[in-house]
Amino acid sequence: MPPVAREVIDGKGKTLLPSFVDCHSHVSAGALAGICRNGSGFRSKQDALSAVEVAAREDDSDWLVFFYMDWNGWDVPVPPTAQELEEASNGRKLFLVCESLHRGIMSESALRALNVSKYRDSSFVEKKRGVITGVVWEEVFSTCMKQVLDALIVTLSEAELKDILKAEANRHLSCGITDVHDPGVTYDMCKHMIALNDESPLRLSWSEIGAKGPVSTAGDGQPLDNFGSGPSSAKVFTDGAHRCAICVDASQAITMTLGAIGDAIKGFNPYPVRQLLEEEFAFKRGKFYRTGALFEPDQLTEKLAQLSGSHERIKIHALGNQAVDMACECVIESGITTRVCIEHATILDDKNIEKLAKHGFQVSAQPGFLPHYGVQFSNMRLNSRYRGLPLRSMLDADVDLIMSSDYPCGPLDPLHNMRCAVDRRINGDRVYLEHEAVSHEEAVYAYTIAGSKGITGIAKSGIEVDGAADFIVLSGDPFVHSTVVESTWIGGHKVYQNAVPADGKV
């Protein structure tokens with residue numbers, strides 16, 4: 001006989017699913033982004049400057065920080081300069097963080113405060129005619145963001161920081177997420193994550209990163225000795241985000257160039273061509289390589305061997321097809337037995353997919369990127385041999401596919417992200433590579449049972465006899481846009497209840 005139920009749920013019209021597992025959500029960064037200003041509504045340089053002027057008048061904080069902006073999506077994709085931000089902010093320390101968390105822009109006062117001039121010879125500091133524009137990328141961006149976030153944390157009491165992190169954990173629970181992995185936790189933040197994991201029902205785990213902050217490879221800073229509810233894990237970056245490492249043949253390079261010219265002519269807009277010309281490409285061995293790789297192959301092989309000796313898991317950031325190929329080759333060359341998860345694998349070709357499948361790599365992909373970045377994939381003519389988020393192709397090749405969010409760089413809501421994997425809509429009714437869509441069942445599996453593989457390497461149980469009672473109750477069909485999470489359960493205990501069900505009756 002089954003035990004007496006503590007609660008009986010009327011399941012009429014509802015859907016019961018295993019709980020969501022997000023193996024790539026920046027919990028700590030998302031929490032801190034939530035107390036900063038939001039730049040997602042900017043559509044032009046003037047929008048950004050006007051918002052900065054208002055913030056400078058209203059806010060006397062030491063630092064003014066905006067998250068979630070992305071000038072690539074503006075009609076005129078030109079960000080403000082450090083000088084323009086200096087004038088708009090009236091001489092304040094200002095940092096505008098791109099939603100990718102791989103680049104940002106600073107005012108002149110911020111550049112001075114962080115001593116960015118010492119990196120002026122770096123390719124990660126943008127310069128025009130020898131003058132630093134204010135835009136920083138990758139490790140320089142990461143170093144600067146770490147210092148700015150550390151400065152923000154200092155202004156908070158222990159109780160305030162605890163409440164901010166707890167609110168972020170509750171946000172994940174409200175989305176039906178019961179297990180989450182933060183892929184970039186600094187040594188200083190680790191103690192706060194340990195406390196959150198102890199106090200929240202959310203199962204939290206994290207990866208160690210480098211001394212330069214959230215976009216830096218582990219192994220050069222103070223090592224972590226606690227990884228929350230997961231095994232010891234290290235993060236490695238093989239390329240950037242907007243500056244991802246891709247390799248295309250001559251025919252694809254010609255297609256991209258002619259497409260950019262055509263877009264410029266049709267839209268009476270020179271910026272598609274200007275953006276293409278600003279990219280750094282090298283031609284070798286009959287192919288075009290876009291500069292973006294952060295390691296030489298021998299360096300990456302050595303780094304992987306080093307980290308495998310101290311960590312049970314390695315998560316490798318690789319967006320572009322060149323980065324994915326190098327990551328695969330270096331893991332094979334290093335001979336490590338540590339379980340590896342390739343994070344993103346956003347732009348792939350068939351050879352990448354074949355290699356990922358042949359060697360049993362796990363891939364954590366983010367379908368929630370499609371509405372935003374799918375437009376850019378389409379504009380780059382990544383429609384045939386080279387494709388953006390080819391989920392169907394990976395599944396057909398038996399790649400071990402997992403789905404996650406990359407929050408706050410992408411949307412947190414698993415329901416939204418699964419729908420993106422199924423419908424692949426990028427702009428109204430426009431669809432990007434419909435043949436790369438996955439089924440409803442495949443999307444659910446990749447975001448629930450398979451999600452645990454991206455944390456522990458092992459799939460978790462579903463809704464089955466003797467399985468963990470981790471589940472969610474939805475108001476209806478998960479692929480209907482009005483459906484919401486009504487309750488979230490961990491180990492048979494309700495940890496979240498939606499106060500306003502889909503029918504609007506409390």
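This passage describes strand pairing, surface features and side-chain contacts in a predicted model.

Strand β4, which spans residues 63–69, is mostly covered, since seven of its seven residues are buried. On one side of the description stands strand β3 (residues 37–38), which runs parallel to β4 and is joined to β4 by two bridges; within this pairing, Arg-37 stands opposite Phe-66 of β4. Between these two strands the chain passes through helix α2 (residues 45–58), and the resulting β-α-β crossover is right-handed. Strand β4 also pairs in the parallel sense with strand β5 (residues 93–98), here over five bridges, and the bridge partner of Met-69 in β5 is Cys-98. A right-handed β-α-β unit is again found, made by β4, helix α3 (residues 82–88) and β5.

A further set of parallel pairings involves strand β9, formed by residues 177–185, which is likewise mostly covered, with nine of its nine residues buried. Strand β2 (residues 20–22) runs parallel to β9 and is joined to β9 by three bridges, and Asp-22 has Val-180 of β9 as its bridge partner. Strand β10 (residues 203–208) pairs with β9 in the parallel sense as well, over five bridges, with His-181 standing opposite Ser-205 of β10. From β9 the chain crosses to β10 through helix α7 (residues 187–199), in a β-α-β crossover that is right-handed.

Two features concern the helices α6 and α8. Helix α6 (residues 158–174) contains Glu-168, which counts as buried because its relative accessibility is 1%, where the limit for a buried residue is under 20%. The side chain of Glu-168 is joined to that of Tyr-407 by a polar contact of 3.1 Å. Ile-254, by contrast, belongs to a nonpolar surface patch of about 400 Å², made together with Leu-258, Ile-261 and Ile-265; Ile-254 is found in helix α8, which covers residues 250–267.

Side chains of opposite charge can pair when their charged atoms come close, and the structure holds 28 salt bridges. One of these is formed by Lys-146 and Asp-188, whose closest N and O atoms are 3.9 Å apart. This pair links distant parts of the chain, with Lys-146 in helix α5 (residues 138–154) and Asp-188 in helix α7, 42 residues apart. Asp-188 counts as partly exposed, because its relative accessibility is 41%.

Another salt bridge is made by the side chains of Arg-339 and Asp-400, with a distance of 3.8 Å from N to O. Here too distant parts of the chain are linked, as Arg-339 lies in strand β16 (residues 339–344) and Asp-400 in strand β20 (residues 400–403), 61 residues apart. Arg-339 is partly exposed, with a relative accessible area of 34%, whereas Asp-400, at 19% relative accessibility, counts as buried.

The side chains of Arg-392 and Asp-396 also meet in a salt bridge, at 3.1 Å from N to O. Both residues lie in helix α14 (residues 391–396), where they are four residues apart, about one turn of the helix. Within this pair, Arg-392 counts as buried at 19% relative accessibility, while Asp-396 counts as exposed at 56%. Finally, Asp-179, Arg-203, Lys-460 and Asp-470 are joined into one network by salt bridges that share partners.

Methods:
Residues are numbered from 1 along each chain as its sequence is written. This is a predicted model: local features need pLDDT of at least 70, side-chain atom pairs count only at pLDDT 80 or more; totals for chains, interfaces and linings use all residues. Side-chain values use heavy atoms; hydrogens and water are left out. Buried means under 20% relative accessible area, exposed over 50%, partly exposed in between (1.4 Å probe, protein chains only). Two strands pair if DSSP finds at least two bridges between them. A crossover is right-handed if, with the strands pointing away from the viewer, the path from the first strand over the helix to the second runs clockwise. Patches are made of residues with over 30% relative accessible area and no salt bridge: like charges are joined within 9 Å, nonpolar side chains (Val, Leu, Ile, Met, Phe, Trp, Tyr) within 5 Å. Accessible areas come from the Shrake-Rupley method with a 1.4 Å probe; for residues, only the protein chains shown count as cover. A salt bridge is a side-chain nitrogen of Lys or Arg within 4 Å of a carboxyl oxygen of Asp or Glu. A polar contact is a pair of N or O atoms within 3.5 Å; within protein, one must be able to donate a hydrogen and the other to accept it, and residues adjacent in sequence count only if both atoms are side-chain atoms.
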